[in-house]
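User: Please take a close look at one pocket in this model, and set its lining in the context of the surrounding fold.

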Amino acid sequence: MLQDTSAQPASPGNSNADALKQMGFDHLIHNFDALGWIVFVVLVAMSVLSWYFIVANFIRNSLVRSRADKVIQGFWNTASTQEAIRMLEEQPKGEPFSKIALDAASAVAHHQQAAGGRLAESLSRSEFIDRALRQAVARESLRLEGGLTLLATVGSSAPFIGLLGTVWGIYHALIGIAASGSASMDKVAGPVGEALIMTAFGLFTAIPAVLAYNFFMRSNRLTYAQFDEFAHDLHDFFATGARVEGTK
């Protein structure tokens with residue numbers, strides 16, 4: 001006599017294998033609800049944007065640091081101010097040290113043209129150059145900070161967005177237990193897997209952003225110090241007509 005095998009209970013091995021499949025990423029993608037998709041898309045967008053600004057800032061900062069000494073030494077080693085200005089004008093558009101020096105030279109030319117006028121009476125040559133240099137340093141410093149606000153935002157908020165997905169997954173697990181009256185692995189594996197993956201995704205998004213933010217802040221502080229030192233030397237040079245050597 002034949003027996004009905006469909007009524008046989010699943011073996012523990014098969015049950016554990018099914019539960020393990022429910023904790024995978026494929027199961028997560030195919031069982032998202034609206035909130036799950038929102039959390040997932042937001043984390044993906046944050047990760048893509050943060051990696052874009054990490055790569056872009058790393059390339060830009062590397063180029064600025066590699067060209068800094070060449071531009072500064074090139075300026076001081078030229079035979080005349082006119083030759084130095086031509087050298088600065090040949091630098092790439094995004095090179096900050098040449099832009100600071102060109103703003104100082106432009107301020108000197110502007111003040112000379114205004115000689116005898118109200119501008120020259122109101123501001124001395126030194127004050128006018130100092131004002132131009134401060135504006136140039138502030139402008140170039142601000143450019144170096146591009147993308148850092150986004151990295152700080154991603155680093156601080158991505159774990160909480162992942163936590164929202166975690167809470168939502170645990171909520172689904174509790175609903176599954178209440179509906180079935182059983183806390184077996186096959187009832188909770190999917191929602192718990194979703195919760196853990198969301199937590200991990202939030203951390204994978206936040207950690208690179210935090211590390212990159214701290215790295216670029218440290219790198220920028222070194223560049224700001226170079227800006228200030230070069231600006232002080234430029235001020236002394238254009239105000240007095242000769243380079244004032246430091247005491248270091």
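Analyst: What follows describes the second largest pocket first, and then the core, the helices and the annotated spans of the chain. The model is a predicted one, and each statement below should be read with that in mind.

The second largest pocket holds about 170 Å³ of space. Rolling a probe the size of a water molecule over the atoms shows where empty space of this kind is left. The residues that line the second largest pocket are Thr81, Gln82, Ile85, Ala105, Val108, Ala109, Gln112, Arg125, Phe237, Phe238 and Gly241. Two or more of these lining residues come from each of helix 4 (81-89), helix 5 (96-113) and helix 9 (185-240), and helix 5 is the element that gives the most, with four residues. Sorted by class, the lining of the second largest pocket consists of six nonpolar, four polar and one charged residues.

The largest nonpolar core can be set beside this pocket. The core has 27 residues, and those with the most contacts inside it are Phe75, Phe97, Phe230, Leu234 and Phe238. The elements that contribute two or more residues to this core are helix 3 (34-77), helix 4, helix 5, helix 7 and helix 9, and its largest share, seven residues, is supplied by helix 5. Phe238 therefore appears in both descriptions, as a residue of the pocket lining and as one of the core residues with the most contacts, under the rule that a core joins buried residues through side-chain atoms within 4.5 Å.

Helix 7, one of the contributors to the core, can be checked for its length and its burial. The 20 residues of helix 7 (residues 125-144) should span 28 Å at 1.5 Å a residue, and because its end C-alpha atoms are 29 Å apart, the expected and computed values agree. Within helix 7, the buried residues are Phe128, Ile129, Ala132, Leu133, Ala136, Val137, Glu140, Ser141 and Leu144. An α-helix has 3.6 residues a turn, so residues three or four places apart point the same way.

Further along the chain lies helix 8 (residues 148-180), in which proline 159 is found. Proline 159 is partly exposed, because its relative accessible area is 29%, a value between the 20% and 50% cut-offs. The C-alpha atoms of proline 159 and glycine 202 are separated by 4.6 Å, although these residues are 43 residues apart along the chain. Isoleucine 177 also has its place in helix 8, and with 27% relative accessibility it counts as partly exposed. Its C-alpha atom is separated by 7.1 Å from that of valine 188, eleven residues apart along the chain.

As for the whole, the protein chain has nine helices and zero strands, and buried residues make up 35% of its 248 residues. An unreviewed UniProt entry annotates residues 34-59, 148-175 and 195-216 as "transmembrane region". In the model, residues 34-59 are 100% helix and 0% strand, with end C-alpha atoms 38 Å apart, while residues 148-175 are also 100% helix and 0% strand, with end C-alpha atoms 41 Å apart.

Methods:
Residues are numbered from 1 along each chain as its sequence is written. This is a predicted model: local features need pLDDT of at least 70, side-chain atom pairs count only at pLDDT 80 or more; totals for chains, interfaces and linings use all residues. Side-chain values use heavy atoms; hydrogens and water are left out. On a 1 Å grid over the protein atoms alone, a cavity is a set of points where a 1.4 Å probe fits but cannot get out, and a pocket is an open set with protein on both sides within 12 Å along at least five of seven lines; lining residues have an atom within 4 Å of a point. Grid points are joined across faces, edges and corners, and a volume is the space filled by probe spheres set on the points. Ala, Val, Leu, Ile, Met, Phe, Trp, Tyr, Cys and Pro count as nonpolar, Asp, Glu, Lys and Arg as charged, and the others, Gly among them, as polar. The expected span of a helix is 1.5 Å times one less than its number of residues. Buried means under 20% relative accessible area, exposed over 50%, partly exposed in between (1.4 Å probe, protein chains only). UniProt positions are given in the numbering used here, feature names are shortened, and annotations may be inferred rather than shown by experiment.
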